[in-house]
Amino acid sequence: MSEKTPKKRKGFVLGYYPGMNMWTLFFFVYLYMPMVVLVAYSFNDGNRAQIWQGFSTRWFYRAFINDDIQNAALNSLIIAVCATVVATVLATLAALVLARGGEFRGRSASLGMVTLPLIVPEIATAVATLSFFAIIGFQLGMLSIIIAHTVFCIPFAFLPIRARLEGMDTDLEQAAGDLYANAWETFRFVTLPILAPGIVAGAMLAFIISVDDFIITLMVSGAGATTLPLYIYGMIRQGITPEVNVISTVMLAISIAFITAYWFISARGDTVKGH
Amino acid sequence: MNLPRSIAARRALGLAPALITVAIFMVLPMLILLVFSFLEADPYGGVEPRFSVEAYIQLLYEIDFDDALVFNPIYLGIIWRSIFLALVATVGCLILGFPVAYFITRQDPRMQNLMLYLITLPFWTNQLVRVYSWILILAKDGVIEQPLKAVGILDGSLGMMYSNGAIAIGLVYSYLPLMVLPIYASLEKLDFRLIEAAHDLYADRMKVMREIITPLAMPGIIAGCILVFVPSLGAFIAPDLLGGGKKLMLGSLIHLQFASSRNWPFGSAIAICLLMLVMVALMVQARSAAKRRAMEAGR
């Protein structure tokens, strides 16, 4: 609705409700105030997290040279990269079939199955996965986390890829077929390049979901493997320290950077769609 | 490289990896959970392979000193608190989110995009971190209490933390975007001429809201309510951090059984209860969606 709302009576704007602006303003303040508070406190000089004692970046330095935090960050990165790569490949294949494979029996069942991890409450997934690993005697650690993450990353990678496929027309692929490209060549040189922004977007969502996950990781991590959210949780449990604020701020920054990039990639994808 | 010729083979090849992964690591574990809930607990963690419905009995009763079953309302209380707080969070998100979703549709496309981005952004940031930031605000000597104390209005503490209210704030904060986005999606297509026509027919603003905007937003409202209610029901982080582990909800109770209490069958039974509540919520949604479609088809 880009047209200007016509004025009917003086002071009467069509479709306008009094207080709407203020309400929206309040809404955004509510949404962002906690994050602003957190970021502000991470620059607090004091030894206590909650009392403001002047601006300083010393806690960033302290957190940066902390071995435990470095290890946790490295674990988070390894897990997220592995889970993202596997989940994105599986999701791309599934999306190609479900968006392009036409109608077939079991199509909606397959769709339900791929998106199942979105519906099941995380805590249920977490304890179910733990029970599964326990019953087959699987050693809990990095590998068990990677497997669990891969599963719940699949739908997050799947949805943007499918959305992109459904927005693509098939003209170019048909043209490639007319020019004697075989199915693989058409896929490799026509479909895949056009689909690439969708795949990148899906992979980014999967990555951020993996890095941020807490409950499932908590249940299937075992003793040795600590990720950043687990480390933060452990610190909060021991009491609030300025270091928690610092790592939390860094995690916030990572997520915001990724989602902003995702936003631009999918926006660019939309403009390409018409060609 | 050649792809398999038959379309059926291609479909199978494409779908199989994802489906098998989800089947083995998601569906099978759920079934194991169901089986576990009917087994006996191993006091050292895990289960004893003997059939028992003890876990479900434990939800309602406890065993007295002389082996008699005594009604125990603790766990029902936790289930009730979970449902209650999830409902409060859902209503809170609706009240907070609906006017905003409508307001966004009234903006020009650039502004709409910016606002949608700002609403989506917190959702993709770490939930643990977002809930934690509320501790800084609500805690004793936190952002709210410090200034009040400084000007001398407040003496002592408001005790905002570790309350149902704090948990509700955390839940609303965690899932708010899931309410706004579906409502926005259904209102985005709203034909503005309908509102104009209604005003021409002497409807006032309230009547337009009641008779036109709300009915058209209904699919989005229902979807949003389900999207908020379901994760709130099984939430772990908000009740754990803001409820301080005293005000248990289903999520924290399940975690407790698998972590420190070491009663896996009981934890499994609660998880199955949670899944059943979720299924009821999804069925309600599916039915209302089907009803709506039937109504639209009948027009």
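Helices are DSSP runs of H or I with at least four residues, and strands are runs of E with at least two, numbered from the N terminus. The model treated in these exercises is predicted.

**Exercise 1. Find which elements build chain A, and in what order.**

Step 1. Count by type. Chain A has 12 helices and zero strands.
Step 2. Read from the N terminus. The elements run α-α-α-α-α-α-α-α-α-α-α-α.
Step 3. Turn to chain B. Its secondary structure comes to 12 helices and four strands.

**Exercise 2. Set the radius of gyration of each chain against that of a compact globule.**

Step 1. Take chain A. A compact globule of 275 residues would have a value near 19 Å, but chain A has 24 Å.
Step 2. Add the box. The C-alpha atoms of chain A fill roughly 75 × 70 × 30 Å along the principal axes.
Step 3. Take chain B. For 299 residues the globule value is near 19 Å, but chain B has 24 Å.
Step 4. Add its span. The C-alpha trace of chain B covers about 80 × 75 × 45 Å along its principal axes.

**Exercise 3. State what share of each chain is buried, and how far apart in sequence its contacts reach.**

Step 1. Burial in chain A: 41% of the 275 residues are buried.
Step 2. Burial in chain B: 42% of the 299 residues count as buried.
Step 3. Contacts in chain A: look at pairs at least 6 apart in sequence. Of these, 77% join residues at least 24 apart.
Step 4. Contacts in chain B: with a separation of 6 or more, 67% come from residues 24 or more positions apart.

**Exercise 4. Describe how helix 3 and helix 9 of chain A pack.**

Step 1. Locate them. Helix 3 of chain A covers residues 67-100, and helix 9 of chain A covers residues 183-212.
Step 2. Give the geometry. The angle is about 140°, and the axes lie 8 Å apart.
Step 3. Classify. Only angles over 145 degrees count as roughly antiparallel, so helix 3 of chain A is oblique to helix 9 of chain A.
Step 4. Give the hand. Helix 3 of chain A passes helix 9 of chain A in a right-handed crossing.
Step 5. Name some residues. Helix 3 of chain A contributes residues including A:Ser76, A:Ala83 and A:Thr92, and helix 9 of chain A residues including A:Gly202 and A:Phe207.
Step 6. Sort the contact residues by class. There are 10 nonpolar, six polar and no charged.

**Exercise 5. Do the same for helix 7 and helix 9 of chain A.**

Step 1. Locate the partner. Helix 7 of chain A covers residues 142-167.
Step 2. Give the geometry. The axes of helix 7 and helix 9 of chain A come within 8 Å and cross at roughly 150°.
Step 3. Classify. The cut-off is over 145 degrees, so helix 7 of chain A is roughly antiparallel to helix 9 of chain A.
Step 4. Give the hand. Helix 7 of chain A passes helix 9 of chain A in a right-handed crossing.
Step 5. Name some residues. Among them are A:His149, A:Phe156 and A:Arg164 of helix 7 of chain A, with A:Leu195, A:Pro197 and A:Ile209 of helix 9 of chain A.
Step 6. Sort by class. The contact has 16 nonpolar residues, four polar and one charged.

**Exercise 6. Work out what each chain brings to the contact between chains A and B.**

Step 1. Count the residues. Chain B gives 74 and chain A gives 69.
Step 2. Find the leading element on the side of chain B. Helix 1 of chain B, residues 7-36, gives the most, with 16 residues.
Step 3. Sort that side by class. The side of chain B that touches chain A has 51 nonpolar, 16 polar and seven charged residues.

Technical notes. Residues numbered from 1 in each chain as written. Chains lettered and ligands numbered in written order. Predicted model: local features only at pLDDT ≥ 70, side-chain atom pairs only at ≥ 80, totals over all residues. Rg over C-alpha atoms; globule rule 2.2 N^0.38 Å. Buried ≥ 20, exposed ≤ 12 C-beta atoms within 10 Å, placed from the backbone. Contact = placed C-beta atoms within 7 Å. Axes fitted to C-alpha atoms, helices over the stretch in contact; angles between N-to-C directions. Parallel < 35°, antiparallel > 145°, perpendicular 65-115°, else oblique. Left-handed = near helix turned anticlockwise from the far one by under 90°. Nonpolar A, V, L, I, M, F, W, Y, C, P; charged D, E, K, R; others polar.
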